[in-house]
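Me: Please take a close look at one part of this model, namely one helix and the helices that pack against it. I would like the partners, the angles and the contacting residues set out carefully.

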Amino acid sequence: MHKQVMDPAGPLDTSGEHLMLAVEEIVRYVRRSATTGGLSPAASSALGRLGREGPQRLTELARAENVSQPNMTQLVTRMERAGLVRRTADRADGRGVLVEATDSGLEVFRQRRAERADALEQLVEELTEPERRAVAIALPALARVIQDRQARS
């Protein structure tokens, strides 16, 4: 029997620990659902960032992904060999090099995103209607707060 999450009569647990456990479980589930390309978590994350944000300098990509530049260089080299990314000259600075997703890389990115979206949609379909409404309000609200914080910093 499944546990009713939204109990209007019960106390609402909004503690960081309680919510973090839920977020971690959701993220693990959704990440496991994306299998196209057989990418490592690091490659999936870097390709996702390039797919969402466009070409970046290797140093910027390493910083954004919270890895060392040598590790990012190795990862980009492996992704380049797989045909997912390419290095191009930075038109703004001829000495600089940008990493960008190839058409093949963008297709893998789109397929993986669709797989994750489908997995999340299947989870939401199993919720009660009040739970669905709560998710539809809460997740975009949390994303907005994150974007607001990033804009302020």
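What follows is a reply about helix H5 and its helix contacts.

Reply: This is a predicted model, and the chain averages a pLDDT of 90, with 93% of the residues scoring at least 70. Confidence in the chain is highest in helix H4 (residues 69-81), at 96, and lowest in strand E3 (residues 93-101), at a mean of 87. The chain holds six helices and three strands, and from the N terminus on these elements run α-α-β-α-α-β-β-α-α. For 153 residues the globule rule gives 15 Å, whereas the radius of gyration of the chain is 19 Å, well over that value, so the chain is more spread out than a compact globule. The C-alpha trace spans about 65 × 35 × 20 Å along its principal axes.

Turning to the helix itself, H5 covers residues 103-125, and its axis and that of helix H1 (residues 16-33) come within 7 Å and cross at roughly 130°. An angle over 115 that is not over 145 degrees falls outside the roughly perpendicular and roughly antiparallel ranges, and H1 and H5 are therefore oblique to each other. The crossing in which H1 passes H5 is right-handed. On the H1 side the contact is made by Ile26, Tyr29, Val30 and Ser33, and on the H5 side by Glu115, Arg116, Ala119, Leu120 and Leu123. Sorted by class, this contact of H1 with H5 comprises six nonpolar residues, one polar residue and two charged residues.

The other contact to consider is with helix H2 (residues 41-53), which packs with H5 at an angle of about 105°, the two axes being 9 Å apart. This angle makes H2 roughly perpendicular to H5. H2 contributes Ser44, Leu47, Gly48, Gly51 and Arg52 to the contact, while H5 contributes Gly105, Leu106, Val108, Phe109, Arg112, Arg113 and Arg116. The residues in the contact of H2 with H5 divide into four nonpolar, four polar and four charged. Arg116 of H5 is thus listed in the contact with H1 and also in the contact with H2.

Terms used
Residues are numbered from 1 along each chain as its sequence is written. This is a predicted model: local features need pLDDT of at least 70, side-chain atom pairs count only at pLDDT 80 or more; totals for chains, interfaces and linings use all residues. Side-chain values use heavy atoms; hydrogens and water are left out. pLDDT is the predictor's confidence in each residue, from 0 to 100. Helices (H or I, at least four residues) and strands (E, at least two) are DSSP runs, numbered from the N terminus. Axes are lines fitted to C-alpha atoms, for helices over the stretch in contact, and angles run from 0 to 180 degrees between N-to-C directions. Angles under 35 degrees count as roughly parallel, over 145 as roughly antiparallel, 65 to 115 as roughly perpendicular and the rest as oblique. A crossing is left-handed if the near helix is turned anticlockwise from the far one by less than a right angle, and right-handed if clockwise. Contact means heavy atoms within 4.5 Å. Ala, Val, Leu, Ile, Met, Phe, Trp, Tyr, Cys and Pro count as nonpolar, Asp, Glu, Lys and Arg as charged, and the others, Gly among them, as polar. The radius of gyration is taken over C-alpha atoms; the globule rule is 2.2 Å times the number of residues to the power 0.38.
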